[in-house]
Amino acid sequence: MRKAKLHKYEVNQYLISALKEDIPVEDISTKAIYRDEREAIVSVIMKEDGIICGLDVFSYVFQLLDENVKINKIYEDGDYVEKGKEIATVQADVSVLLSGERVALNYLQRMSGIATYTHQAIENLDDPRIKLLDTRKTTPNMRIFEKYAVKIGGGENHRFNLSDLIMLKDNHIAASGGIKNAIHYARDYKPFVKKIEIEVESLEQVREAVDEGADIIMLDNMDIATIKEACKIINKKSLIEISGNITRENISKYKGVDVDFLSSGAITYMANPLDISIKNLRYV
């Protein structure tokens, strides 16, 4: 799996917002039963097989509540963990453990689910020549976490936001009056370090995109036969991306196709959170 890391300075604003959402004034359930300041330890348990992802983020949540929290990670992001295994332990004041567990688990479960789905999709594709990309179809305010999870699962990140790449899709093409105009306008505007990618839906549009010198051509919702014809027309003059309803279940049909990338929104929006629990609270 990929070695990557999310640093506190990148994500703390999101974690603070999540904690404020969950604890707007106080954790009334914990306050109701909390009597003495006392440390305890809990176990983080895997409830199904999968790729673990988000352990640092999980830790940062508790550290925002108590900078002295002690977290022992038994596994690292990218590790495959079997059901029933203890992933980590957390030691802190009981109030911190009780108040932070849901927010911390929400990130860990969501990110692990995406990493696992991405890993399974790449295994099903079984073609190391083709890179699997994510999209901007992410949960609002969760993009940094979800795209990190894709990388931990073995995938690659497409553009992170609208400032990363000039990407001309069907409505951009319609608004500018056609592919030729769209690429000309983009080339006049773009900084030299930025690439131009254009979405095409027919072989006629493929020819136009090649003639106008697009850096990347996205073949949108084409069947395999049409994709192969498009590849012949492009003839390595542009990078080729395939997009359109690509899932873990159908990705294998693209094995052996002579393209550079497959982009899939499904790896973020169709991935179910992995079942992970915090259990076995005991006093230290």
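Two residues are in contact when they have heavy atoms within 4.5 Å of each other. Keep that in mind as we walk through this predicted model.

Let's start with the whole thing. The protein has 284 residues, and 49% of them count as buried. Its chain forms 10 helices and 12 strands, and the C-alpha atoms fill a box of roughly 75 × 35 × 25 Å along the principal axes. Look at contacts with a separation of 6 or more, and 71% of them turn out to join residues 24 or more positions apart.

On the outside, about 14,600 Å² is exposed, with carbon and sulfur atoms supplying 47% of that. As for charge, there are 39 positive and 45 negative side chains, and the centres of the two sets lie 2 Å apart.

Now zoom in on helix 9, which runs over residues 224–234. Its buried residues are Ile 227, Ala 230, Cys 231 and Ile 234. These cover an arc of only 105° around the axis, so they sit on the same side of helix 9. That fits a general rule: an α-helix has 3.6 residues a turn, so residues three or four places apart point the same way. What do the buried residues of helix 9 pack against? They meet helix 8 (203–211), strand 9 (216–220) and strand 10 (239–243). On the other side of helix 9, Ala 225 and Lys 232 are exposed. Right after helix 9 comes Asn 235, with a positive phi near 50°.

Finally, the cysteines. Cys 231 is buried, at a relative accessible area of 13%, and Cys 53 is buried too, at 0%. A search of the whole structure turns up 0 disulfides.

Conventions. Residues numbered from 1 in each chain as written. Predicted model: local features only at pLDDT ≥ 70, side-chain atom pairs only at ≥ 80, totals over all residues. Heavy atoms only, no water. Helix = DSSP H or I, 4+ residues; strand = E, 2+ residues; numbered from the N terminus. Buried < 20%, exposed > 50% of the residue type's maximum accessible area, 1.4 Å probe, protein only. Areas by Shrake-Rupley, 256 points an atom, 1.4 Å probe, with all protein chains shown as cover. Lys, Arg positive; Asp, Glu negative; His and termini not counted. Charge placed at Lys NZ, Arg CZ, Asp CG, Glu CD. Disulfide = S-S within 2.5 Å. Arc of directions from axis to C-beta.
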